Amino acid sequence: MSYLEKPIFITLGNRKGGVGKTTSVINLASYLAEVGKKILIIDTDPQANCSSILLRHSEDLTGRSLIDALEDSSGATLLSAIVCDTYHPRIHIIPNTTRCMLWERKIAQHSDAVMGIKRLVERDKALNNYDFIFFDTPPNLGVMMNNALMASDYVIIPIPPSDQFALDGLAAYLNLIGSIRKHNNTLQLLAVLITKYDPSWGNSAWNLTQIKKYFSQKGISLFNTHIHSCAEIDMAHVERKPVLESAPKSSGAAEYSALGMELLEIFKVIR
Ligand SMILES: Nc1ncnc2c1ncn2[C@@H]1O[C@H](COP(=O)(O)OP(=O)(O)OP(=O)(O)O)[C@@H](O)[C@H]1O
Ligand SMILES: [Mg+2]
């Protein structure tokens, strides 16, 4: 029996690509499942990177992608009925496919284009069996990002401090969170997650002290755990595994485990 009464919905989001959204979803899920939590990942990114890493090759996806549920206007397709298995018995995924791009284009002009996922999760009581539901999101502020935020309780923003464009895009992303909060007042920015951090790289001005000062001046929380740049994290994707599975002794595995622990501690306090 879970200590959480209903799932906690968390979006990993950033307008910028390549910041570690997918990597963080996969590895947080991996740690949390290992300590007994039940996880559902909803892949809202048409690139479907999370799906391609976590799905078992034998899985038949006919009628089982996120878009199948979103396109079913009768409401008969329940997410809980179409979840796919992964390498771990406590991690399920609702996969995405490139068909999502066509759906986004078709739905974009609809006034309730951003409500699809919220409706799917609200009507599906069986989703209460999960402890955490993570949304992996595309690198833009479009329909799917809006859908994920509308259905979420919390947002985590991964940011590699050496990526100036990711920092530049932060204001626009915070604005989007602010505008979604007018319709979904449970949504909160949980914290920024420092990813791909390499103190020896590029802009030496971005040492940890300055990073902390930068975010504290903006009133934005940072996770205590920082994810350093780690070759094993990159390699794990080639093996289509979380780093906790492919290189359990690596610094990447240790840091994502620490992040998972920190997340559980935060929710013990605020939930
Ligand atoms: N800590 C890390 N150390 C080394 N490489 C990393 C780390 N985190 C992520 N990467 C690599 O950076 C690239 C981008 O990561 P990822 O796909 O998780 O980002 P993303 O934000 O989901 O990107 P997109 O917006 O395109 O979906 C990948 O090649 C991944 O292997
Ligand atoms: Mg991604």
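How many bridges join strand β6 (residues 154–159) to β7, and in which sense do the two strands run? The exercises below start from this point. The model is predicted: local features need pLDDT of at least 70, side-chain atom pairs count only at pLDDT 80 or more, and totals for chains, interfaces and linings use all residues. Residues are numbered from 1 along each chain as its sequence is written, while chains are lettered from A and ligands numbered from 1 in the order in which they are written.

**Exercise 1. Describe the pairing of β6 and β7, and the burial of each strand.**

Solution.
- Step 1. Strands here are DSSP runs of E with at least two residues, helices are runs of H or I with at least four residues, and both are numbered from the N terminus.
- Step 2. β6 and β7 run parallel and are joined by six bridges. Two strands pair if DSSP finds at least two bridges between them.
- Step 3. One bridge is set by Val 155, whose partner in β7 is Leu 189.
- Step 4. A residue is buried if 20 or more other C-beta atoms lie within 10 Å of its own, exposed if 12 or fewer, and partly exposed in between, with C-beta atoms placed from the backbone.
- Step 5. β7 (residues 188–194) is mostly covered, with five of its seven residues buried. β6 is largely enclosed by the rest of the structure, because five of its six residues are buried.

**Exercise 2. Place the strands in their sheet and find its edges.**

Solution.
- Step 1. The sheet is open, has seven strands with mixed pairing, and follows the order β3-β4-β2-β5-β1-β6-β7.
- Step 2. β3 (84–85) and β7 are the edge strands, each pairing on one side only.
- Step 3. β1 (residues 8–12) runs parallel to β6, and three bridges join them. Ile 10 has Tyr 154 in β6 as its bridge partner.
- Step 4. β2 (residues 39–43) pairs with β5 (residues 132–136) in the parallel sense over five bridges. In that pair, Leu 40 stands opposite Ile 133 of β5.

**Exercise 3. Work out how helix α1 meets helix α13.**

Solution.
- Step 1. The axes of α1 (residues 21–34) and α13 (residues 251–270) come within 9 Å and cross at roughly 70°. Axes are lines fitted to C-alpha atoms, for helices over the stretch in contact, and angles run from 0 to 180 degrees between N-to-C directions.
- Step 2. The crossing angle therefore makes α1 roughly perpendicular to α13. Angles of 65 to 115 degrees count as roughly perpendicular, under 35 as roughly parallel, over 145 as roughly antiparallel, and the rest as oblique.
- Step 3. The crossing of α1 past α13 is right-handed. That term applies if the near helix is turned clockwise from the far one by less than a right angle, and left-handed applies if anticlockwise.
- Step 4. α1 contributes Asn 27, Leu 28, Tyr 31 and Leu 32 to the contact, and α13 contributes Tyr 256, Ser 257, Leu 259, Gly 260 and Leu 263. Residues are in contact if their C-beta atoms, placed from the backbone, lie within 7 Å.
- Step 5. By class, the contact has six nonpolar residues, three polar and no charged. Ala, Val, Leu, Ile, Met, Phe, Trp, Tyr, Cys and Pro count as nonpolar, Asp, Glu, Lys and Arg as charged, and the others, Gly among them, as polar.

**Exercise 4. Locate Ala 48 and Arg 240, and state their burial.**

Solution.
- Step 1. Ala 48 is in the loop between β2 and α2 (49–54). Although not a glycine, Ala 48 has a positive phi of about 55°.
- Step 2. Ala 48 counts as buried because 22 C-beta neighbours lie inside 10 Å.
- Step 3. Arg 240 sits in the loop between α11 (231–238) and α12 (243–246). Arg 240 also has a positive phi of about 55° without being a glycine.
- Step 4. Arg 240 has 16 other C-beta atoms within 10 Å, so Arg 240 is partly exposed.

**Exercise 5. Find what Ile 67 touches beyond its sequence neighbours.**

Solution.
- Step 1. Ile 67 belongs to helix α3 (residues 66–71) and is buried, because it has 20 C-beta neighbours inside 10 Å.
- Step 2. Leaving aside neighbours within four places in sequence, Ile 67 is in contact with Thr 97, Arg 99, Cys 100 and Trp 103.
- Step 3. Trp 103 is 36 residues from Ile 67 along the chain, with 7.3 Å between their C-alpha atoms.

Definitions and conventions
Contact = placed C-beta atoms within 7 Å.
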